[in-house]
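Student: I've got a structure to look at and a few things I'd like to sort out. Can we go through them together?

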Amino acid sequence: MGKKKEEAQVIVVTSGKGGVGKTTTVANVASSLARMGYKIVVMDLDIGLKKLDLILGLENRVIYDIVQVIEGECTLKQALVKDKRFPELYMLPAAQTRNKDDVTPEQVKSVCAQLKPDFDYIIIDCPAGIEQGFRNAIAAADQAIVITNPEVSAVRDADRIIGMLESADFKDIKLVVNRIRPDMVKKGDMLSVEDLMEHLCIELLGVVPEDKSVVVSTNKGEPIILNEHSLASTAFNNISRRLTGENVEMLSLNDESFWQKLRRSLFSGR
């Protein structure tokens with residue numbers, strides 16, 4: 001299947017704080033877009049601490065990595081790993097034995113320029129933090145997705161990242177709120193989506209509820225979007241559809257039927 005978009009969109013997914021579900025979001029949104037027929041490449045720039053290949057279940061098929069491409073040890077085509085489950089999805093792995101200083105922003109731009117003619121979306125998995133890895137990841141991107149959890153420390157880091165993106169002249173910055181628990185929000189024990197929006201002041205792309213099946217799928221190397229009974233799967237699919245410009249209503253966390261489904265997902269494993 002050929003490209004659907006005339007010009008590739010380069011999206012960096014970032015968070016500031018580690019452990020908020022950034023790489024899981026990259027894997028599932030990319031898989032969902034590929035299942036919709038878009039040609040997707042995910043670029044793991046968490047050099048030295050790579051895990052995108054594990055979450056996608058592609059670790060055994062990795063031969064070359066992005067640093068080897070940059071240094072001329074292999075071609076870009078040789079380094080790309082194709083996902084057999086999603087024929088339109090490819091991954092460019094990070095190097096595990098190198099560090100983030102081995103790559104420059106200009107080199108990332110060059111790799112993206114080579115990828116653009118063949119893909120609809122280039123999705124970059126940005127490492128946590130605000131150092132060289134962050135500068136590398138945002139260099140070639142024209143859109144940014146900021147991932148946060150409804151926790152004070154995660155929101156503070158997300159706010160810092162948003163400020164840095166705005167300083168880098170990003171005009172298109174969207175927010176994904178991950179691992180929200182409607183029961184805790186209702187009791188006042190967790191920040192609400194409204195609280196986050198008021199504080200961060202960027203467009204909301206999606207809300208992903210806490211769902212224990214995500215942990216199971218991650219350990220298996222299977223994107224959660226393959227689980228039709230998972231609410232997180234629905235959320236990630238909706239996020240992907242919004243990225244393509246489709247108008248998709250947000251999941252209502254106040255809806256009683258939503259909460260009943262979430263309870264079944266959390267406590268009965270369905």
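Student: Which backbone oxygen does the side chain of lysine 22 reach?

Tutor: Keep in mind that we're looking at a predicted model. Start in helix H1, residues 22-35, where lysine 22 is found. Its side chain gets to a backbone oxygen at 2.6 Å, and that oxygen belongs to cysteine 126.

Student: And with which side chain does the side chain of lysine 22 make a polar contact?

Tutor: Let's look at who is around it. Beyond four places in sequence, the contacts of lysine 22 include Val13, Thr14, Ile147 and Asp125. The side-chain partner in the polar contact, at 3.1 Å, is aspartate 125.

Student: Is lysine 22 buried or exposed?

Tutor: Check the relative accessible area, which is 8% for lysine 22. The cut-off for buried is under 20%. Because 8% falls under that cut-off, lysine 22 counts as buried.

Student: Where is alanine 95, and what is its relative accessible area?

Tutor: Look at the loop between strand E4 (89-92) and helix H5 (105-115), since that's where alanine 95 is found. Leaving out residues up to four places away in sequence, alanine 95 touches Ile47, Gly48, Asp65 and Val67. Alanine 95 is buried, and its relative accessible area is 1%.

Student: Which residues have a pLDDT that stays under 50?

Tutor: Across the protein, pLDDT averages 91, and 93% of the residues score at least 70. One stretch stays under 50, though the model still has 16 contacts for it beyond four places in sequence. That stretch is residues 265-270.

Definitions and conventions:
Residues numbered from 1 in each chain as written. Predicted model: local features only at pLDDT ≥ 70, side-chain atom pairs only at ≥ 80, totals over all residues. Heavy atoms only, no water. Helix = DSSP H or I, 4+ residues; strand = E, 2+ residues; numbered from the N terminus. Buried < 20%, exposed > 50% of the residue type's maximum accessible area, 1.4 Å probe, protein only. Contact = heavy atoms within 4.5 Å. pLDDT = per-residue confidence, 0-100. Polar contact = N/O pair within 3.5 Å; in protein donor to acceptor, adjacent residues only side chain to side chain.
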